[in-house]
Amino acid sequence: GDYRNPGWFRHPPGSQAYEWTGALAELRRVHDGGGQSMPLERPVEAPVGVQVRKPGGHAGH
């Protein structure tokens with residue numbers, strides 16, 4: 001049940017992050033990408049009207 005600060009912790013080898021200084025791999029470009037990923041199941045018709053009402057409440061009472 002002792003939860004006091006145990007002090008510094010020695011990280012296991014290979015588990016601590018470090019700055020990469022090596023060469024980066026060549027990026028692969030996709031030239032035919034873009035557009036819509038997935039076509040719509042059905043076309044969008046008219047915008048849908050939504051009515052929002054702020055709840056009345058007992059605030060401050």
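## A nonpolar patch on the surface

A nonpolar patch here means Val, Leu, Ile, Met, Phe, Trp or Tyr side chains joined within 5 Å, from residues with over 30% relative accessible area and no salt bridge. In this predicted model, Tyr-18, Trp-20 and Leu-24 make up such a patch on the surface. Taken together, the three put about 480 Å² of accessible area on show.

Let's zoom in on the tryptophan. Trp-20 has a relative accessible area of 56%, and since the cut-off for exposed is over 50%, Trp-20 counts as exposed.

## The salt bridge

How many salt bridges does the structure hold? Just one. The partners are Arg-4 and Asp-2, whose side chains meet at 2.8 Å, N to O.

Are these two residues buried or exposed? Arg-4 is exposed, at 66% relative accessibility. Asp-2 is exposed too, with a relative accessible area of 53%.

## The chain overall

Don't go looking for regular secondary structure: the chain has zero helices and zero strands. As for burial, 0% of the 61 residues count as buried, which takes under 20% relative accessible area.

The chain's exposed area comes to about 7700 Å². Carbon and sulfur atoms account for 55% of that area.

How values were computed: Residues are numbered from 1 along each chain as its sequence is written. This is a predicted model: local features need pLDDT of at least 70, side-chain atom pairs count only at pLDDT 80 or more; totals for chains, interfaces and linings use all residues. Side-chain values use heavy atoms; hydrogens and water are left out. A salt bridge is a side-chain nitrogen of Lys or Arg within 4 Å of a carboxyl oxygen of Asp or Glu. Buried means under 20% relative accessible area, exposed over 50%, partly exposed in between (1.4 Å probe, protein chains only). Patches are made of residues with over 30% relative accessible area and no salt bridge: like charges are joined within 9 Å, nonpolar side chains (Val, Leu, Ile, Met, Phe, Trp, Tyr) within 5 Å. Accessible areas come from the Shrake-Rupley method with a 1.4 Å probe; for residues, only the protein chains shown count as cover. Helices (H or I, at least four residues) and strands (E, at least two) are DSSP runs, numbered from the N terminus.
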